[in-house]
Amino acid sequence: MNVLAISGSLRRNSLNSAALRACRDLAPDGMAIEIWEGLREIPPYDDDDFKANGFPAVVAGLREKIRAADAVIIATPEYNHSIPGVLKNAIDWVSRPPDVPFVRKSYAIFGASMGGMGTIRAQYHLRDMLLYFDAVVLNKPEVFIGAAHTKFGAGGELTDQPTRDILIQMLTALQAQTRALTS
Ligand SMILES: Cc1cc2nc3c(=O)[nH]c(=O)nc-3n(C[C@H](O)[C@H](O)[C@H](O)COP(=O)(O)O)c2cc1C
């Protein structure tokens, strides 16, 4: 099972990107996670530009990777009670027709923030956006990594055992959901 993982943060020491690296290490047997790194390259969405020139190469590449993946994991920071603009911008680009690759795909979403709420509000916005594509988003376990800066070591390694455990639960549930969807 091939899973594409997208972090909504551009920050070098991003806690969300670090959590995705942890997911890659914690993935159950039979699941391979590729972390996509192109978010910074995506230009601001401009409908005139899209109509004149189509998808930029970086967006076309992302659309292909989503299409080829069995499932997608999105780790989102919370910026002002929602998802970061760069992540929304990427979703806007990928969502343009034809053949929207988000449709009926299997997803897990989660997030990490330094505050206590662990991206609850951002994740519900993201879940709402994905519903538009008839996406199949894992309902449980919900993974809200609050006080995330206390849960990773200096090198970005995930040191908090309860967080490791719930990520394993999430990945196992994603594997089952994806098998059910694709069988
Ligand atoms: C513009 C901006 C807005 C933020 N708004 C929120 C917020 O609404 N809720 C929250 O819990 N944290 C908020 N934060 C703090 C982020 O959760 C924190 O910077 C987190 O580490 C970002 O994720 P990252 O480490 O993956 O980059 C905000 C940070 C920035 C830069």
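Two residues are taken to be in contact if their C-beta atoms, placed from the backbone, lie within 7 Å. By that criterion, and leaving out residues up to four places away in sequence, A71 touches M1, V3, K105, S106, Y107, L174 and T178. The structure described here is a predicted model, and A71 in strand β3 is a convenient place to enter it.

A71 has 26 other C-beta atoms within 10 Å and is therefore buried, since 20 or more suffice for that class. A71 also lies 8.0 Å from A108, C-alpha to C-alpha, although the two are 37 residues apart in sequence. Strand β3 itself spans residues 71-75, and A108 falls within the numbering of β4, which covers 106-112.

A second buried position is found in helix α4. V94 belongs to that helix, which runs over residues 85-94. V94 has 20 other C-beta atoms within 10 Å, and because the buried class begins at 20, V94 is counted as buried. Beyond four places in sequence, the contacts of V94 are with V59, L62, R63, I66, P101 and F102. The C-alpha atom of V94 is also separated by 8.0 Å from that of A60, a residue 34 positions away along the chain.

The description now turns to helix α1 and its partner. Helix α1 comprises residues 15-26, and helix α6 comprises residues 161-182. The axes of these two helices come within 10 Å of each other and cross at roughly 65 degrees. Because angles of 65 to 115 degrees count as roughly perpendicular, α1 is placed roughly perpendicular to α6. The crossing is right-handed. On the α1 side, the residues that meet the partner helix are A22, C23 and L26, while α6 contributes R164, L167, I168 and L171. By class, this contact consists of 6 nonpolar residues, no polar residue and 1 charged residue.

R21 also lies in helix α1. R21 has 19 C-beta neighbours inside 10 Å; this number falls between the limits of 12 for exposed and 20 for buried, so R21 counts as partly exposed. Apart from neighbours within four places in sequence, R21 is in contact with I35 and G156. R21 further lies 8.9 Å from L158, C-alpha to C-alpha, across a sequence separation of 137 residues.

The model also includes a ligand. The ligand is surrounded by 14 residues, and the closest are S9, N16, P77, S113 and G115. The whole shell divides into 5 nonpolar, 7 polar and 2 charged residues.

Several loops carry backbone features that deserve attention. Most residues other than glycine have a negative phi, and most peptide bonds are trans. Two peptide bonds before proline can be set beside that background. P97 and P98 are joined by a cis peptide bond with omega of about 5 degrees, and P98 is in the loop between α4 and β4. K140 and P141 are likewise joined by a cis peptide bond, with omega of about 0 degrees. P141 is situated in the loop between β5, residues 136-137, and β6, residues 144-145.

Positive phi values occur at H81 and T119. For H81, which is not a glycine, phi is near 70 degrees. H81 is found in the loop between β3 and α4, and with 12 C-beta neighbours inside 10 Å, H81 counts as exposed because that class takes in 12 or fewer. T119, also not a glycine, has a positive phi of about 75 degrees. Its place is in the loop between β4 and α5, the latter covering residues 120-131. T119 has 30 other C-beta atoms within 10 Å and is therefore buried, whereas H81 is exposed.

The loop between β6 and α6 provides a final position, T150. With 9 C-beta neighbours inside 10 Å, T150 counts as exposed, since 12 or fewer place a residue in that class. T150 and D49 are 101 residues apart in sequence and lie 43 Å apart in space, C-alpha to C-alpha.

Technical notes. Residues are numbered from 1 along each chain as its sequence is written. This is a predicted model: local features need pLDDT of at least 70, side-chain atom pairs count only at pLDDT 80 or more; totals for chains, interfaces and linings use all residues. Helices (H or I, at least four residues) and strands (E, at least two) are DSSP runs, numbered from the N terminus. Axes are lines fitted to C-alpha atoms, for helices over the stretch in contact, and angles run from 0 to 180 degrees between N-to-C directions. Angles under 35 degrees count as roughly parallel, over 145 as roughly antiparallel, 65 to 115 as roughly perpendicular and the rest as oblique. A crossing is left-handed if the near helix is turned anticlockwise from the far one by less than a right angle, and right-handed if clockwise. Ala, Val, Leu, Ile, Met, Phe, Trp, Tyr, Cys and Pro count as nonpolar, Asp, Glu, Lys and Arg as charged, and the others, Gly among them, as polar. A residue is near a molecule or strand if its C-beta atom, placed from the backbone, lies within 6 Å of it.
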